Amino acid sequence: QQQSFWMRNMQIPLDLAHFDSRGVLVEIHQLYPFDETPVKSRHRKIQYSIEMNQGWFKQHNIRPGSKLNLLLLKQAINARSRR
């Protein structure tokens with residue numbers, strides 16, 4: 001589904017990456033500290049959203065079309081939920 005994020009009470013700038021159900025990065029948005037303006041995804045079929053420090057995706061050469069390893073993601077989520 002389409003996603004919307006905002007930055008209430010967030011003190012650092014972030015980048016927000018949206019991925020589809022196949023794990024393909026479809027868009028990245030810059031988010032700014034304390035900005036309560038909703039940032040909506042352009043795509044309506046977002047499965048995963050990941051926030052990182054602003055510039056992280058660019059520094060790691062991750063851009064639209066890059067792909068998540070969904071098996072590793074599932075393992076990480078399961079490991080975290082067992083804590």
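Setting aside neighbours within four places in sequence, Asp-20 is in contact with Val-26, Lys-45, Gln-47 and Tyr-48. That is a handy place to start reading this predicted model. Asp-20 sits in the loop that links β2 (14-19) to β3 (25-31), and its side chain reaches across to the backbone nitrogen of Val-24 at 3.0 Å. What about its cover? With a relative accessible area of 11%, Asp-20 falls under the 20% cut-off and so goes down as buried.

Zooming out, the protein chain has two helices and five strands. Read along the sequence, these run β-β-β-β-β-α-α, with the strands coming before the helices. The C-alpha atoms fill a box of roughly 35 × 30 × 30 Å along the principal axes. Of the 83 residues in the chain, 22% are buried. Among the contacts with a separation of 6 or more, 64% join residues 24 or more positions apart.

On the outside, the chain exposes about 6,200 Å², and carbon and sulfur atoms supply 49% of that area. As for charge, there are 13 positive and 6 negative charges, and the mean positions of the two sets lie 10 Å apart.

Aromatic pairing is quickly told: the count comes to one pair. The partners are Trp-56 and Phe-57, whose ring centres are 5.2 Å apart with the planes at 90 degrees, so the pair is edge-to-face; the cut-off for that label is over 60 degrees. The two residues get different accessibility labels. Phe-57, at 4% relative accessibility, counts as buried, whereas Trp-56, at 28%, counts as partly exposed.

Backbone angles bring up a couple of oddities. Most residues other than glycine have a negative phi. Asn-9 goes the other way, with a positive phi near 65 degrees. Asn-9 belongs to the loop between β1 (4-5) and β2, and its relative accessibility of 61% puts it over the 50% cut-off, so it counts as exposed. Phe-34 isn't a glycine either, yet its phi is positive at about 60 degrees. This residue is found in the loop between β3 and β4 (39-40); at 48% relative accessibility, Phe-34 counts as partly exposed.

Definitions and conventions. Residues are numbered from 1 along each chain as its sequence is written. This is a predicted model: local features need pLDDT of at least 70, side-chain atom pairs count only at pLDDT 80 or more; totals for chains, interfaces and linings use all residues. Side-chain values use heavy atoms; hydrogens and water are left out. Helices (H or I, at least four residues) and strands (E, at least two) are DSSP runs, numbered from the N terminus. Buried means under 20% relative accessible area, exposed over 50%, partly exposed in between (1.4 Å probe, protein chains only). Contact means heavy atoms within 4.5 Å. Accessible areas come from the Shrake-Rupley method with a 1.4 Å probe; for residues, only the protein chains shown count as cover. Lys and Arg count as positive and Asp and Glu as negative; His and the chain ends are not counted. The place of a charge is taken as NZ of Lys, CZ of Arg, CG of Asp or CD of Glu. Rings of Phe, Tyr and Trp (its six-membered ring) pair if their centres lie within 6.5 Å; planes under 30 degrees apart count as stacked, over 60 as edge-to-face and the rest as tilted. A polar contact is a pair of N or O atoms within 3.5 Å; within protein, one must be able to donate a hydrogen and the other to accept it, and residues adjacent in sequence count only if both atoms are side-chain atoms.
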